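Reader: I've got a new model on my screen and a few things I'd like to ask about it. Can you walk me through it?

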Amino acid sequence: MAATMASQGERAVLEEEFKWLLQEEVHAVLKQLQDILKEASHRFALPTSGSRGAVKQENFVLSTSGTDQVKGVMTLQGDALCQADVNLKMPRNNQLLHFAFREDKQWKLQQIQDARNHVNQAIYLLMNRDVNYQFRTGLEVLKLMDAVMLQLSRARNRLTTPATLTLPEIASSGLTKMFTPALPPDILVNFYINLNKLCLTVYQLHMLQPSTTKNFKPAGGSVLHNPGAMFEFGSQRYEVSHVHKVECVVPWLNDALVFFTVSLQLCQQLKDKISVFSSYWNYRPY
């Protein structure tokens, strides 16, 4: 009898603790997550209600140690490259080529745009459960955390996983039409985000003659193609002769990645607490 009463008493205490968790601690965590993700949204220059200020422009110098074959100066404004100046030293004759964005052109960095949209969606999910909302089951909290974590994982993956492109896709990209003077047919360029870095890749091409005896094997999709990769564009076949990659760190992208990691950890910790209660007694919050 005493053991039964103790068991009932323990269950009552656990139920009270779980009730406090649902009513108090969950909302405290949601508030903390909102604060962190709003900081992340500020890094992405995400528009806030009543904010009409222009997104600031930031200049970055893209280079790599040990070589001056390619140098680039980029102006980033939110999720758009609004200016780009590229100097390329041709290895064959040391001729210096210069290309810049046309004044009427901007290049949207889809990775930043997508990551920003996922952050916005995560904030929306959190704000849908204000302080007056009553969570009734652990399952409700778990579903919300899973939905928020999905958006945060997608935001992080957009920055950490650049798109794989084929060389014909790069050649037909609108980016090739952004420059003045126009890029020569034996030069391809590509911009992308990799973690906290803005990257520029320049491909120098060698035209393959129709009579060439070289075994032609078109390259598939890749983030970075290596010398020797071949492709066909229009009626002409090409081989990549030189590849130059330059990059620079974008500090606010690094901040955003840290915010994503901290937020995902908070979500997981809350999920773990819910799971601990469900494993202690037969009262199922699910």
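Reader: What share of the 286 residues is buried?

Author: First, a heads-up: this is a predicted model, where local features need pLDDT of at least 70, side-chain atom pairs count only at pLDDT 80 or more, and totals for chains, interfaces and linings use all residues. Residues are numbered from 1 along each chain as its sequence is written, and side-chain values use heavy atoms, with hydrogens and water left out. Buried means under 20% relative accessible area, exposed over 50%, and partly exposed in between, with a 1.4 Å probe and protein chains only. By that cut-off, the buried share of the chain's 286 residues is 42%.

Reader: Which helix gives the most residues to the largest nonpolar core?

Author: A nonpolar core is a set of buried Ala, Val, Leu, Ile, Met, Phe, Trp, Tyr and Cys residues joined through side-chain atoms within 4.5 Å. The largest one here has 68 residues, and Phe 44, Phe 179 and Phe 260 are among those with the most contacts inside it. Helices (H or I, at least four residues) and strands (E, at least two) are DSSP runs, numbered from the N terminus. With 12 residues, the top contributor to this core is helix α5 (residues 251–280).

Reader: Which residue makes a polar contact with the side chain of His 118?

Author: His 118 sits in helix α2 (residues 110–127) and counts as buried because its relative accessible area is 19%. Skipping neighbours within four places in sequence, its contacts (heavy atoms within 4.5 Å) include Arg 154, Ala 155 and Arg 158. A polar contact is a pair of N or O atoms within 3.5 Å; within protein, one must be able to donate a hydrogen and the other to accept it, and residues adjacent in sequence count only if both atoms are side-chain atoms. At 2.9 Å, the side-chain partner of His 118 is Gln 151.

Reader: Which two residues does the cis peptide bond join?

Author: Most peptide bonds are trans. Look in the loop between β6 (179–180) and β7 (187–194), where Pro 181 is placed. Omega is about -5 degrees for the cis bond, and the pair it joins is Thr 180 and Pro 181.

Reader: Is Leu 195 buried, exposed or partly exposed?

Author: Leu 195 lies in the loop between β7 and β8 (197–208). Its phi is near 60 degrees, a positive value in a residue other than glycine. Most residues other than glycine have a negative phi. As for accessibility, the relative value for Leu 195 is 42%, so the verdict is partly exposed.
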